Amino acid sequence: IEELDIIDLENAIKVARQSDIRQVYQRIQRGSFNHLRSFAHALELVGQPYQPVKLSQGSFDNIVHSPMVPGF
């Protein structure tokens, strides 16, 4: 679900005309990045590497290898 949320929010950010709406979408997307990092890490801890389904491997790698983003 986080992968789909990230993709949907990326598309919404591209078409949003109001900067405040884009900012809200970006903040929600950062939360999805954090969730995806956490899920992937939890699976890794039990020996099950996470394989992205909707995101490209490159996009996934960029997300999980970047630091967690603090809240608003």
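**Exercise 1. Place Arg-37 in the predicted model, and decide whether Arg-37 is buried or exposed.**

Solution.
- Step 1: Find the element. Arg-37 sits in helix H2.
- Step 2: Read the accessibility. The relative accessible area of Arg-37 is 9%.
- Step 3: Apply the cut-off. Buried means under 20% relative accessible area.
- Step 4: Conclude. Arg-37 has 9%, so Arg-37 is buried.

**Exercise 2. List what Arg-37 touches, leaving out residues up to four places away in sequence. Then find the polar partners of its side chain.**

Solution.
- Step 1: Collect the contacts. Arg-37 touches Ile-63, Val-64, Ser-66, Pro-67, Met-68 and Val-69.
- Step 2: Look for a backbone partner. The Arg-37 side chain comes to 2.8 Å from the backbone oxygen of Ile-63.
- Step 3: Look for a side-chain partner. Ser-66 and Arg-37 are joined, side chain to side chain, by a polar contact of 2.8 Å.
- Step 4: Turn to Ile-6. Ile-6 and Arg-37 are 31 residues apart along the chain, and their C-alpha atoms are separated by 12 Å.

**Exercise 3. Compare the span of H2 with the span expected at 1.5 Å a residue.**

Solution.
- Step 1: Count. H2 has 27 residues.
- Step 2: Work out the expected span. The rule is 1.5 Å times one less than the number of residues. For H2 this gives 39 Å.
- Step 3: Check the model. The end C-alpha atoms of H2 are 39 Å apart, so the two values agree.
- Step 4: Try H1, residues 2-15. Its 14 residues reach 20 Å from first C-alpha to last, close to the expected 20 Å.
- Step 5: Look just past H2. There, Gly-47 takes a positive phi of about 80°.

**Exercise 4. Which residues of H2 are buried, and which helices do they pack against?**

Solution.
- Step 1: Name the buried residues. They are Gln-29, Ser-32, Phe-33, Asn-34, Leu-36, Arg-37 and Ala-40.
- Step 2: Name the partners. These buried residues pack against H1 and H3.
- Step 3: Take Ser-32 as a case. Ser-32 belongs to H2. Its relative accessibility is 5%, so Ser-32 counts as buried.
- Step 4: List the contacts of Ser-32, again leaving out residues up to four places away in sequence. They are Glu-2, Asp-5, Ile-6 and Leu-9.
- Step 5: Switch to H1. Its buried residues are Glu-2, Glu-3, Ile-6, Leu-9, Ala-12 and Ile-13. Their cover includes H2 (19-45) and H3 (57-64).

**Exercise 5. Describe the largest pocket: its volume, its lining and the kinds of residue there.**

Solution.
- Step 1: Give the volume. The largest pocket holds about 190 Å³ of space.
- Step 2: Name the lining. Arg-37, Ala-40, His-41, Glu-44, Pro-49, Tyr-50, Phe-60, Asp-61, Val-64 and His-65 line this pocket.
- Step 3: Assign elements. H2 and H3 each give two or more residues to the lining. H2 provides the largest share, four residues.
- Step 4: Sort by type. Five lining residues are nonpolar, two polar and three charged.

**Exercise 6. Summarise the whole chain: how many helices and strands does it have, and what share of its residues is buried?**

Solution.
- Step 1: Count elements. The chain has three helices and zero strands. The pattern along the sequence is α-α-α.
- Step 2: Give the dimensions. The C-alpha atoms fill a box of roughly 45 × 25 × 20 Å along the principal axes.
- Step 3: Give the buried share. Of 72 residues, 25% count as buried.
- Step 4: Examine the contacts. Take those between residues at least 6 apart in sequence; 61% of them join residues at least 24 apart.

Methods
Residues numbered from 1 in each chain as written. Predicted model: local features only at pLDDT ≥ 70, side-chain atom pairs only at ≥ 80, totals over all residues. Heavy atoms only, no water. Buried < 20%, exposed > 50% of the residue type's maximum accessible area, 1.4 Å probe, protein only. Contact = heavy atoms within 4.5 Å. 1 Å grid on protein atoms, 1.4 Å probe; cavity = no way out; pocket = protein on both sides within 12 Å on 5 of 7 lines; lining within 4 Å. Points joined across faces, edges and corners; volume = space filled by probe spheres on them. Nonpolar A, V, L, I, M, F, W, Y, C, P; charged D, E, K, R; others polar. Polar contact = N/O pair within 3.5 Å; in protein donor to acceptor, adjacent residues only side chain to side chain.
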